[in-house]
Amino acid sequence: MGRYFGTDGFRGEANVTLTADHAYKVGRFLGWYYGELKRRNGLTEAPKVVIGKDTRRSSYMFEYALVGGLVASGANAYMLHVTTTPSVAYVTRIDGFDCGIMISASHNPYYDNGIKLINGQGEKMDEDTIALIEDFLDGKLHIFDEDITTLPYATRDKIGYTVDYVSGRNRYIGYLISLGLYSFKGLKVALDCANGSSWNIAKSVFDALGATTQVINANPNGTNINKDAGSTHIENLQKYVLENHMDVGFAYDGDADRCLAVDDKGNVITGDHILYVCGKHLKEQGELVGNTVVTTVMSNFGLYKAFDACGIDYAKTAVGDKYVYEYMSQNGCRIGGEQSGHIIFSKYATTGDGILTSLKVMEVMLATKKKLSELTEGFTVYPQVLQNVRVTDKKAAQDDPAVQEIVKAVTEELGDTGRILVRESGTEPVVRVMVEASSEEICQKHVDSVVNVIKEKGYAVE
């Protein structure tokens with residue numbers, strides 16, 4: 001975990017943890033760095049950076065600060081305006097930008113914001129470049145065999161310029177429409193846009209493919225993003241789908257890089273359900289390369305039982321779609337994702353893409369002529385109990401022999417009827433104890449046994 005950038009960018013409360021000054025400096029560094037790389041490779045053209053943002057009030061402030069830093073360092077800034085994170089990744093990759101920037105705090109409340117960086121291949125920025133940015137923010141940058149405390153300003157015709165690049169966002173919309181293999185005519189689809197990035201994109205895609213599209217939470221005002229809306233408050237979409245007799249509903253988060261769904265019966269369809277439905281369909285079509293679906297360690301135990309029954313192999317990565325994509329790219333896998341709805345279809349995208357995910361779910365429904373409730377019948381979600389234990393030392397608590405012994409005992413007792421997962425929080429002094437089993441009572445019993453040992457050994461902070 002970096003000093004400022006976590007697994008999903010530099011995120012925090014606007015002008016408290018993440019300030020306009022931070023954004024300006026990030027822009028200054030990126031403009032200078034990519035220009036210097038070009039110069040050292042004998043190239044004379046200015047670096048090009050594409051920027052998108054979500055609907056938070058502070059996104060405009062961060063956009064202007066980033067652009068100010070970029071052009072001051074000699075880079076040209078192309079602005080997509082309000083758009084989704086996956087669209088920034090798509091445009092960066094397709095149009096040959098040096099890097100992309102998305103201003104968003106994803107599913108967080110409106111007063112938070114973030115800076116997500118995307119490399120020239122449309123993937124999340126590599127850790128080495130992130131470390132250089134953090135060093136610059138801390139005033140201790142060492143690069144190209146020298147210590148650099150200040151960056152030169154571009155002057156005269158070397159000062160960068162800005163470009164209104166809404167055409168890039170429109171081409172991304174066209175790309176999504178082009179992926180529709182079937183007409184959606186006759187299907188009633190509800191979309192919850194979380195008052196976020198998808199508000200002016202998702203409906204146009206579904207309408208173009210012929211659906212009868214009804215949208216909720218598509219009136220952003222700068223302070224209502226994710227507020228009782230979107231994938232983090234899917235109960236609103238459940239109610240809407242049932243009351244309006246919709247065939248299916250899809251809920252996105254603030255920057256639309258993830259998607260959850262609601263089936264025709266009003267049931268919540270998680271990222272695990274989507275991995276099952278789409279993974280099984282890919283296998284049946286002979287397109288599941290390596291016969292493997294990539295998950296994280298937080299996917300439900302029931303998903304693995306369902307994959308076993310289908311003869312589908314699976315991989316487990318650390319939590320974070322970044323790690324899912326890394327495994328997929330290294331092993332040529334076609335589909336992977338998280339329970340939270342970050343689903344990656346590597347044939348079509350380099351990141352999780354909520355709208356693309358909903359299109360692929362629709363594709364399975366139309367190809368099989370089945371309702372979504374029917375497609376998930378082979379997957380039974382196992383009850384889960386998760387308890388966070390605040391501790392004095394995360395590593396010491398996990399490595400303690402007594403704790404390891406009780407975890408081993410629980411693992412042996414559960415056998416193939418459940419699982420236990422004990423892991424550290426990446427951001428808090430917390431150990432997370434999670435058990436999945438056939439009943440909530442069994443889960444609670446085993447969670448309590450592990451937590452009690454952590455407390456008995458003196459690690460817990462009351």
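**Notebook: pockets, cavities, Lys116 and helix 9**

I began with the second largest pocket, where helix 1 (residues 20–40) gives the largest share of the lining, namely six residues. I note at the outset that I am reading a predicted model, and that everything below is computed from it.

Entry on the second largest pocket, continued. I looked up its volume and found about 470 Å³. The lining is made of 22 residues, and those closest to the centre of the pocket are Gly35, Pro47, Ser73, Gly74 and Lys158. When I sorted this lining by class, I counted nine nonpolar, seven polar and six charged residues.

Entry on the largest pocket. I then turned to the largest pocket, for which I noted a volume of about 1200 Å³. Its lining takes in 33 residues, with Thr7, Val319, Gly320, Glu338 and Arg423 the closest to the centre. I asked myself which elements each supply at least two residues of this lining. I wrote down strand 1 (5–6), strand 2 (9–13), helix 10 (321–331) and strand 20 (419–424). By class, I recorded eight nonpolar, 15 polar and 10 charged residues in the lining of the largest pocket.

Entry on the cavities. I next searched for enclosed space and found that the structure holds two cavities of 30 Å³ or more. The largest cavity has a volume of about 170 Å³, and of the 15 residues that line it, Asp8, Gly9, Leu117, Lys124 and Met125 are the closest to its centre. Strand 1, strand 6 and helix 4 (127–137) are the elements that give two or more residues to this lining, and strand 6 gives the most, with three residues. The classes in the lining of the largest cavity come out as five nonpolar, five polar and five charged residues.

For the second largest cavity I noted about 50 Å³ of space. I listed its lining as Pro86, Ala89, Tyr90, Arg93, Tyr172, Tyr175, Tyr348, Ala349, Thr350 and Asp353. Helix 3 (85–94) and helix 5 (166–178) each supply at least two residues of that lining, and helix 3 has the largest share, with four residues. Sorted by class, the second largest cavity is lined by seven nonpolar residues, one polar residue and two charged residues.

Entry on Lys116. Having met strand 6 in the lining of the largest cavity, I looked at one of its residues, Lys116, which is placed in strand 6 (residues 112–119). Is Lys116 buried or exposed? I entered it as buried, because its relative accessibility is 5% and the cut-off for buried is under 20%. I also checked the partner of its side chain, and found a polar contact with the side chain of Asp255 at 2.6 Å. Leaving aside residues up to four places away in sequence, Lys116 touches Asp8, Gly9, Arg11, Thr85, Gly100, Ile101, Met102, Ser104, Ser106, Asp255 and Asp257. I marked Asp8 and Gly9 in that list of contacts, since I had already written both down among the residues closest to the centre of the largest cavity.

Entry on helix 9. I went through helix 9 (residues 301–310) and noted Phe301, Gly302, Leu303, Tyr304, Ala306 and Phe307 as its buried residues. I then asked what covers the buried residues of helix 9. The cover includes helix 8 (271–284), strand 15 (292–296), strand 16 (313–317), strand 20 and strand 21 (430–436). At the N-terminal end, helix 9 is capped by Asn300, which has a side-chain oxygen 2.7 Å from the backbone nitrogen of Gly302. After the other end comes Gly311, and I recorded a positive phi for it, near 75°.

Entry on the whole chain. Last, I stepped back to the chain as a whole, which has 15 helices and 21 strands. Its C-alpha trace spans about 70 × 60 × 40 Å along the principal axes. I compared the radius of gyration, 23 Å, with the value near 23 Å that a compact globule of 462 residues would have, and the two agree. Of the 462 residues in the chain, 57% are buried. I closed with the contacts: among those with a separation of 6 or more, 71% are between residues 24 or more positions apart.

How values were computed
Residues are numbered from 1 along each chain as its sequence is written. This is a predicted model: local features need pLDDT of at least 70, side-chain atom pairs count only at pLDDT 80 or more; totals for chains, interfaces and linings use all residues. Side-chain values use heavy atoms; hydrogens and water are left out. Buried means under 20% relative accessible area, exposed over 50%, partly exposed in between (1.4 Å probe, protein chains only). A polar contact is a pair of N or O atoms within 3.5 Å; within protein, one must be able to donate a hydrogen and the other to accept it, and residues adjacent in sequence count only if both atoms are side-chain atoms. Contact means heavy atoms within 4.5 Å. On a 1 Å grid over the protein atoms alone, a cavity is a set of points where a 1.4 Å probe fits but cannot get out, and a pocket is an open set with protein on both sides within 12 Å along at least five of seven lines; lining residues have an atom within 4 Å of a point. Grid points are joined across faces, edges and corners, and a volume is the space filled by probe spheres set on the points. Ala, Val, Leu, Ile, Met, Phe, Trp, Tyr, Cys and Pro count as nonpolar, Asp, Glu, Lys and Arg as charged, and the others, Gly among them, as polar. The radius of gyration is taken over C-alpha atoms; the globule rule is 2.2 Å times the number of residues to the power 0.38.
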